[in-house]
Amino acid sequence: MSERQALLATLAQLPVDDEVVLATVVKVEGSAYRRPGARMLIPRVGRSVGTLSGGCLESEVSKKAWWLTEGGLTVLRRYSTASLDNESESTDEEPLDEETELQFGLGCNGTVHILFQRLSVSAPLFARLRKVEEQGQAAAQALVIESRGSKSLMTGDCFDEADIQTKEPALAALLQAQMQEVCSSRRSRLLQLQDEQGRAELLLEYLAPNPELIIVGAGHDAEPLVQMAAAMGWRVTVIDGRRHFARPERFPLARQVLCLQADDPASAHLPGDAAVVIMSHSFAQDRAWLRHFLSRSPPYLGQLGPKSRTDRLLGEFADSADPAIKQAIAALHAPVGLDLGGSTPEAVALAILAEAQAALNGRVGGSLKQRQQPIHMAEPVVSLPWPQSAEACQC
């Protein structure tokens with residue numbers, strides 16, 4: 001179960017008129033464990049759900065959440081993870097209030113900005129997250145981190161493209177265009193708006209659907225792969241043409257288990273943006289499904305088994321003059337999985353899922369010690385003048 005799924009499951013157990021505190025990482029400077037959009041739900045009674053750090057800040061956040069938001073206040077706090085040596089001067093000179101970084105001396109040299117909101121269980125933000133989860137479709141939302149001198153945007157405001165239409169036309173048009181760019185780039189960004197009267201900073205968040213994974217082959221080695229993928233929140237479909245293998249009770253964590261052949265018309269309706277792993281151990285099934293998915297160019301396609309077997313599976317298909325097929329074969333991960341060692345079904349599942357995760361994130365899956373760039377890429381920051389309505393311009 002992913003963090004978002006756990007958050008929604010907790011909300012589902014609460015009365016609709018109940019209140020919770022939502023703590024959200026809205027901005028990060030320097031190094032930090034979590035990125036903007038990470039959430040922690042703090043119910044009035046019971047355990048908190050979600051993480052905002054590697055376990056360093058959660059206790060402090062849980063302890064202060066309800067006190068900070070007393071009376072429905074929305075509060076932005078900064079948490080420094082710099083080393084104690086670097087922070088001693090600032091803590092001696094500044095009192096710990098809402099404007100001061102809270103020091104934790106973790107040595108990560110980062111600052112995490114967390115927005116505390118007291119929300120109803122039925123708040124639109126939660127409905128938006130539930131819609132992304134249930135429909136598997138991406139969305140974008142704008143969360144006002146801080147607003148000073150503006151009557152149009154208030155700190156804590158959160159809206160999607162439909163809600164934007166209630167704003168001033170020029171502001172609505174700008175925000176709509178920015179959110180569409182967030183969706184097309186699949187990447188969150190910070191937006192800063194400023195003029196002589198005021199300024200506002202917003203987190204334009206890309207709400208990604210959970211990845212889809214299609215596993216062709218319902219053998220015993222597919223079971224740990226389903227379990228690991230489900231633990232990461234992936235939506236898993238298991239397919240096998242053999243009815244005695246394709247039994248839902250064997251894969252309780254899969255979204256669906258299908259008894260299906262590659263030439264069945266229903267195969268055309270499988271999600272086209274899913275990662276695919278072919279591992280039926282049946283030469284005939286593997287060949288049919290490999291050719292089926294090569295023609296669809298999924299974002300990740302892996303074939304279990306040695307290279308020589310895959311060459312025989314491809315057969316004359318490998319000589320296709322179709323540029324799309326040639327490109328798909330070049331992108332095929334065969335043998336599937338990262339070179340992690342190990343031969344148990346669990347070890348194989350780990351190698352496969354790690355490679356698929358890397359591929360979907362545009363990474364190669366190597367050791368982080370070899371990486372020349374930062375582990376996490378900073379979110380883009382877009383600074384624009386506050387848009388003026390036509391009426392304001394005429395004045």
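A salt bridge here is a side-chain nitrogen of Lys or Arg within 4 Å of a carboxyl oxygen of Asp or Glu. With that cut-off, R118 and E19 make the list, their side chains meeting at 3.9 Å, N to O. Bear in mind that this is a predicted model. Searching the whole structure turns up 21 salt bridges, and here's a quick look at a few of them, plus one annotated span.

**R118 and its partners**
- R118 sits in strand β5 (residues 110–120) and E19 in strand β1 (residues 19–30), so by the 4 Å rule their 3.9 Å contact counts as a salt bridge linking distant parts of the chain, 99 residues apart.
- R118 also pairs up with E70, and there the closest N and O atoms are 3.9 Å apart.
- That second pair is another link between distant parts of the chain: E70 is in the loop between α2 (58–68) and β3 (75–80), 48 residues away from R118 in strand β5.
- It doesn't stop at pairs, since salt bridges with shared partners join E19, R44, E70 and R118 into one network.

**How accessible are the R118, E19 and E70 side of things?**
- R118 counts as buried because its relative accessible area is 16%, and the cut-off for buried is under 20%.
- E19 has a relative accessible area of 32%, which makes it partly exposed.
- E70 is exposed, with a relative accessible area of 53%, and the bar for that label is over 50%.

**The E379–R35 pair**
- E379 and R35 form a salt bridge through their side chains at 2.9 Å, N to O.
- Both ends are in loops: E379 lies between α11 (345–360) and β15 (381–385), while R35 lies between β1 and β2 (39–43), so the bridge ties together parts that are 344 residues apart in sequence.
- E379 is buried, with a relative accessible area of 18%.
- R35 is buried as well, at 17% relative accessible area.

**The annotated span**
- An unreviewed UniProt entry carries the annotation "domain: XdhC- CoxI" for residues 19–79.
- Between the end C-alpha atoms of residues 19–79 the distance is 25 Å.
- In terms of secondary structure, the span is 18% helix and 36% strand.

Note on methods
Residues are numbered from 1 along each chain as its sequence is written. This is a predicted model: local features need pLDDT of at least 70, side-chain atom pairs count only at pLDDT 80 or more; totals for chains, interfaces and linings use all residues. Side-chain values use heavy atoms; hydrogens and water are left out. Helices (H or I, at least four residues) and strands (E, at least two) are DSSP runs, numbered from the N terminus. Buried means under 20% relative accessible area, exposed over 50%, partly exposed in between (1.4 Å probe, protein chains only). UniProt positions are given in the numbering used here, feature names are shortened, and annotations may be inferred rather than shown by experiment.
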